Each structure stands twice: as structure tokens, then as C-alpha cells.
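Welcome! Here is a short set of exercises to work through with the sequence and the coordinates side by side. Try each task yourself before reading its solution.

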Amino acid sequence: AGHRLTSVYLPFSTLNILSRYEVPKSRCSFSADVWTNTVIRHLLSPTRFIPGSNMVQFTGKFTRTSVENYDEFLKVLNVGFLLRKAATSSTPVMEISESDGNWVMKTSTTMKAMELKFKLGVPFEEDTTDGRKCETTVTMEGNKLITNQKAIKSGQKDVMAVREFFDDKLVMTMTCDGVTSTQVYKRD
């Protein structure tokens, strides 16, 4: 029995992305229509298909389990001693959700919570927890969400944060002026 491609409206950008995927040619027991529907379903959901790898879930709840070089990273941002100690000794929980292209990234500790609302690739204004005002853009590349914070005020610094997602965790690498901090969060 053959499969029929379900008729759906796709924006031109999705069709361009879809054209990059090929129907697997070896050991393939399903039709091109099924493959196309599978790729479309994953492109339109927060679970993205990454060619040559498994599917990775971006959304969920994550708790920090380890941190490296965070104090030095915060010093580069001119964060004071007390705030640095609070940040390095806390156990943040990050919750990431997505609905219709609207993303929410909420990070909470016992002392403070911050929430970012964004659309991929669309710049927005952000007041960071360390006091900077930034034009921030979040993009997706493979299994990574990449956050670029461009400081608006003269004398303040830019930061790039890369969140790399795996089945059981996410690894966040933050870089400012050549200083990098790595944090590992387990998937709850």
C-alpha cells in the first residue's frame, strides 16, 4: 500500500530547508512521501532532526550539575564579589519551552528568576542579571541554541552563550573577552 503526502501549506523558507534533506537511499523501507512528512514534522517542532545524528529535544527542564571558570568569567563582566559568590554557589534550574516559534527560557535560583522570551533570529532588548543592556539574538545551529548579547552601552561587554543539547543534558559555554566558562545541566 502506498502512502500519500498530506497537503500542507509551508512557508518558502521551510521549503528551502526541506530541499537540503535527501531521502535515504540504503536500507530504506519507507517512501519518499513518508520521509518528507517526517522531516517537515521535525522542522516545525522544538525537536529538530539533525542529519547524521539522532533527534535532540531542546525543550525541557535542566538543573546545573557542574561549573568551570565561572568566577573568572564574571570578573571579566565586572560583577562584584557578593554577586559572584551567590552566582557560583547557587544551583540554577533552566526551563525551556516553545510554542508556535515563541521561545521562553526561564532560569531560576532560590534568590532570583529571569525569563527570556524570543523568536529565533529576531533581535530583542535584554537587561542582563549582571546589569548590562544588550541587543540579544538567539539562533539555532544543529543541536545548539546560540545567544549573542551585544552591549548597547559603551564600555560594557558582549557575551556569546552556546547551549548544546544532548539526550540527557545540556552544556552551556559562555565567552566574553576570551574568557570561557562551561556549565553542565542535567535533563530532569
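The exercises below concern a predicted model, and each one comes with a worked solution.

**Exercise 1. Salt bridges**

Task: find how many salt bridges a search of the whole structure gives, and work out how Lys75 and Asp71 are placed in helix α3.

Solution:
- Step 1. Begin with the general idea: side chains of opposite charge can pair when their charged atoms come close.
- Step 2. Searching the whole structure turns up 9 salt bridges.
- Step 3. Take Lys75 and Asp71, whose side chains form a salt bridge at 3.7 Å, N to O. That passes the test, because the cut-off is 4 Å.
- Step 4. Now look at the backbone: both residues sit in helix α3 (residues 70-76), and because they are 4 residues apart there, about one helical turn separates them.
- Step 5. Check the surroundings of the lysine: Lys75 is partly exposed, at 37% relative accessibility.

**Exercise 2. One lysine and two acids**

Task: give the closest N and O distances for the salt bridges of Lys133 with Glu125 and with Asp127, then classify the accessibility of Lys133.

Solution:
- Step 1. For Glu125 and Lys133, the closest N and O atoms are 3.3 Å apart.
- Step 2. For Asp127 and Lys133, the corresponding value is 2.9 Å.
- Step 3. Compare accessibilities: Glu125 is exposed at 57%, and Asp127 is exposed at 56%, whereas Lys133 is partly exposed at 31%.
- Step 4. Elsewhere, salt bridges with shared partners connect Asp71, Glu72, Lys75 and Arg84 in one network.

**Exercise 3. The largest pocket**

Task: describe the largest pocket by its volume, the elements that line it and the character of its lining residues.

Solution:
- Step 1. The volume of the largest pocket is about 780 Å³.
- Step 2. The lining has 34 residues, and those closest to the centre are Tyr70, Ala87, Thr107, Met114 and Thr129.
- Step 3. Elements giving two or more residues to this lining include α3, α4 (81-89), β6 (113-118) and β12 (179-187). The largest share, 4 residues, is that of α4.
- Step 4. Sort the lining by type: 19 residues are nonpolar, 9 polar and 6 charged.

**Exercise 4. A serine and its distant contacts**

Task: place Ser66 in its element and find its contacts beyond four places in sequence.

Solution:
- Step 1. Ser66 belongs to strand β3 (residues 60-68) and is partly exposed, with a relative accessible area of 35%.
- Step 2. Setting aside neighbours within four places in sequence, Ser66 is in contact with Thr182, Gln183 and Val184.
- Step 3. Ser66 also lies 7.2 Å from Tyr185, C-alpha to C-alpha, although the two are 119 residues apart in sequence.

**Exercise 5. Aromatic pairs**

Task: classify the ring pairs Phe62 with Phe165 and Trp103 with Phe118.

Solution:
- Step 1. A whole-structure search finds 6 aromatic pairs.
- Step 2. Phe62 and Phe165 are edge-to-face, at 5.9 Å centre to centre and 70° between the planes. Phe62 is in strand β3 and Phe165 in strand β10, so this pair ties together parts 103 residues apart in sequence. Both residues are buried.
- Step 3. The ring centres of Trp103 and Phe118 are 6.3 Å apart with planes at 5°, so this pair is stacked. Since Trp103 lies in strand β5 (residues 102-108) and Phe118 in strand β6, the pair ties together parts 15 residues apart in sequence. Trp103 and Phe118 are buried too.
- Step 4. Finally, ring pairs link Phe58, Phe62, Trp103, Phe118, Phe124 and Phe165 into a cluster.

Methods: Residues numbered from 1 in each chain as written. Predicted model: local features only at pLDDT ≥ 70, side-chain atom pairs only at ≥ 80, totals over all residues. Heavy atoms only, no water. Buried < 20%, exposed > 50% of the residue type's maximum accessible area, 1.4 Å probe, protein only. 1 Å grid on protein atoms, 1.4 Å probe; cavity = no way out; pocket = protein on both sides within 12 Å on 5 of 7 lines; lining within 4 Å. Points joined across faces, edges and corners; volume = space filled by probe spheres on them. Nonpolar A, V, L, I, M, F, W, Y, C, P; charged D, E, K, R; others polar. Contact = heavy atoms within 4.5 Å. Phe/Tyr/Trp six-rings, centres within 6.5 Å; stacked < 30°, edge-to-face > 60°.
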